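Work through the exercises below with the sequence and the model open. Each task is followed by a solution in steps.

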Amino acid sequence: MSQLRGDYKSVWNSLSGSKEEAYLVVSGYTDEDKFHADAEDTADILRETVGIRPDDIVLEIGCGVGRVGRVLSPFVKEWIGCDVSANMLRLAGRRLLGLHNTRLQEISGYDLQPIPDAAVDLVYTTVVFMHLEEWDRYNYVLEAKRVLKPGGRFYCDNVDLASPAGWAVFEESRLRFKPHERPSQISKCSTQPELQAFLDHAGFGDVRVAGRLNFWAYGWGTKPGEAG
Ligand SMILES: C[S@@+](CC[C@H](N)C(=O)[O-])C[C@H]1O[C@@H](n2cnc3c(N)ncnc32)[C@H](O)[C@@H]1O
């Protein structure tokens with residue numbers, strides 16, 4: 001594999017040349033009904049953790065083809081999908097056709113630079129941290145804090161190394177790929193303490209972490225200050 005893992009734009013554009021390739025790399029399948037059902041699950045987790053409110057401006061980091069945006073956008077004021085890959089965003093544009101409160105934004109892969117400070121009520125990122133270097137995960141936590149309004153909420157998740165199924169992911173990749181044959185986008189786990197440390201160090205308040213299905217670690221918190 002010649003591409004560097006940290007060259008996110010080139011790696012993810014090359015993984016999403018067609019709709020089928022993009023769906024497979026986003027979810028592992030191309031079945032539209034399952035894709036939709038999984039997105040409903042993600043929306044439910046957001047409801048249980050950070051909450052979804054009708055007046056929310058919501059931003060997703062690494063939105064892919066708009067899997068979650070399609071089910072979430074009818075319940076919020078505005079949904080902004082950010083992704084490093086122009087190919088993913090083109091497919092997201094097709095998938096979100098007719099949903100007029102959605103907007104797509106290409107980003108560098110390291111920050112949310114086009115988004116102004118204190119402009120968003122909720123930032124979430126799902127099924128993305130496993131593809132990023134730890135420093136870039138934390139950079140996005142810091143960027144989420146920057147773009148959130150005071151009182152705004154942030155959610156992130158990753159496969160949990162300390163869970164039974166998370167350990168299986170780790171072992172499967174370790175045994176399957178020789179050191180020089182590891183795909184650039186290969187999934188690398190987090191732990192609940194890692195997510196806790198990122199949110200604490202970034203200055204989020206009310207930080208909570210949890211696990212789910214013996215597989216996921218997720219964390220969420222609130223930007224200090226009075227909601228406007
Ligand atoms: C497995 S997909 C998940 C997509 C979406 N979050 C979902 O759950 O359906 C990972 C997404 O993250 C994007 N991505 C990868 N590296 C990124 C980076 N450094 N910054 C922003 N997006 C990135 C990819 O282009 C891809 O769309």
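**Exercise 1. Give the strand order of the open sheet and find its edges.**

Solution. The open sheet has 7 strands in the order 3-2-1-4-5-7-6, and the pairing is mixed. Strands here are DSSP runs of E with at least two residues, helices are runs of H or I with at least four, and both are numbered from the N terminus. Two strands pair if DSSP finds at least two bridges between them. Strand 3 (102-106) and strand 6 (205-212) each have a single partner strand, so one side of each lacks a neighbour in the sheet. On average, neighbouring strands of this sheet are turned by 15° against each other, direction ignored.

The model is predicted: local features need pLDDT of at least 70 and side-chain atom pairs pLDDT 80 or more, while totals for chains, interfaces and linings use all residues. Residues are numbered from 1 along each chain as its sequence is written, and side-chain values use heavy atoms, without hydrogens and water.

**Exercise 2. Describe how strand 4 is joined to strand 5.**

Solution. Strand 4 (residues 120-125) and strand 5 (residues 148-159) run parallel and are joined by 5 bridges. Within this pair, V123 of strand 4 stands opposite F154 in strand 5.

**Exercise 3. Locate T30 and state its exposure.**

Solution. T30 is in the loop between helix 2 (19-27) and helix 3 (32-49). Its relative accessible area is 43%, so T30 is partly exposed; that class lies between buried (under 20%) and exposed (over 50%), with a 1.4 Å probe and protein chains only. Neighbours within four places in sequence aside, T30 is in contact (heavy atoms within 4.5 Å) with E20, Y23 and L24.

Methods. Axes are lines fitted to C-alpha atoms, for helices over the stretch in contact, and angles run from 0 to 180 degrees between N-to-C directions.
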